[in-house]
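Reader: Please take one part of this model and go through it closely. Keep it brisk.

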Amino acid sequence: MTATVTPAVTAAAFPPAPVQRVIALLNQVPFDVLILVARAATFSVFIHSGLQKLSDWNATLMLFRDEYKVPILPPEVAAYMAASMELGLSSLVLLGFATRISALGLLGMVSVIQIFVYPQAWPDHIQWLAFMIFIVCRGPGAYSLDALIGGFIRRRRAPAA
């Protein structure tokens, strides 16, 4: 019986050097750039929905009365709230102003939609959750009004050197 020899795979050989270089380049992409993409994605999803509601308000009210049936809230109130949140909170997220609380508001709205209106739409909603939870957990990044205002406040509070 002959013994089979399996080649030893060393840590240096896997992944191959070109793959390691690509991974190293990807690891250098700053968080502040990545979070901009998440903020833009959040804005894109919700601004389109809000603008669509505004484009035909009578149809929007009819949808809230006949199809959406949000619990507790009257359909007219729910329609105004949804359009306001989609337009307002998504714009705040894009600007990076009150970003975490704005993203939380949108997550709350998505939760209501998922639970009460379109429970079968979880494949879309989980994608939205993925980029919004990133914003909530890590904040808006350096390229935001939150960072600009926070830096200004910290400088004002810092003792004179």
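Author: Helices here are DSSP runs of H or I, at least four residues long, numbered from the N terminus. The model is predicted. Start with serine 102. This residue sits in helix H5, which spans residues 99-117. Its relative accessibility is 1%. The cut-off for buried is under 20%, so serine 102 counts as buried. What does serine 102 touch, leaving out residues up to four places away in sequence? Its contacts are Leu89, Leu92, Val93 and Phe97.

Now the charged pairs. A search of the whole structure turns up two salt bridges. One joins the side chains of lysine 53 and glutamate 86, with N to O at 3.0 Å. This pair links distant parts of the chain. Lysine 53 belongs to helix H2, residues 31-55. Glutamate 86 belongs to helix H4, residues 75-95. The two residues are 33 residues apart. Both lysine 53 and glutamate 86 are buried.

The other salt bridge pairs glutamate 76 with arginine 65. Their closest N and O atoms are 3.4 Å apart. Glutamate 76 is in helix H4 and arginine 65 is in helix H3, residues 57-68, so this pair ties together parts 11 residues apart in sequence. Are these two residues buried, exposed or partly exposed? Glutamate 76 has a relative accessible area of 34%. That value lies between the 20% and 50% cut-offs, so glutamate 76 is partly exposed. Arginine 65, at 39% relative accessibility, is therefore partly exposed as well.

Note on methods:
Residues numbered from 1 in each chain as written. Predicted model: local features only at pLDDT ≥ 70, side-chain atom pairs only at ≥ 80, totals over all residues. Heavy atoms only, no water. Salt bridge = Lys/Arg side-chain N within 4 Å of Asp/Glu carboxyl O. Buried < 20%, exposed > 50% of the residue type's maximum accessible area, 1.4 Å probe, protein only. Contact = heavy atoms within 4.5 Å.
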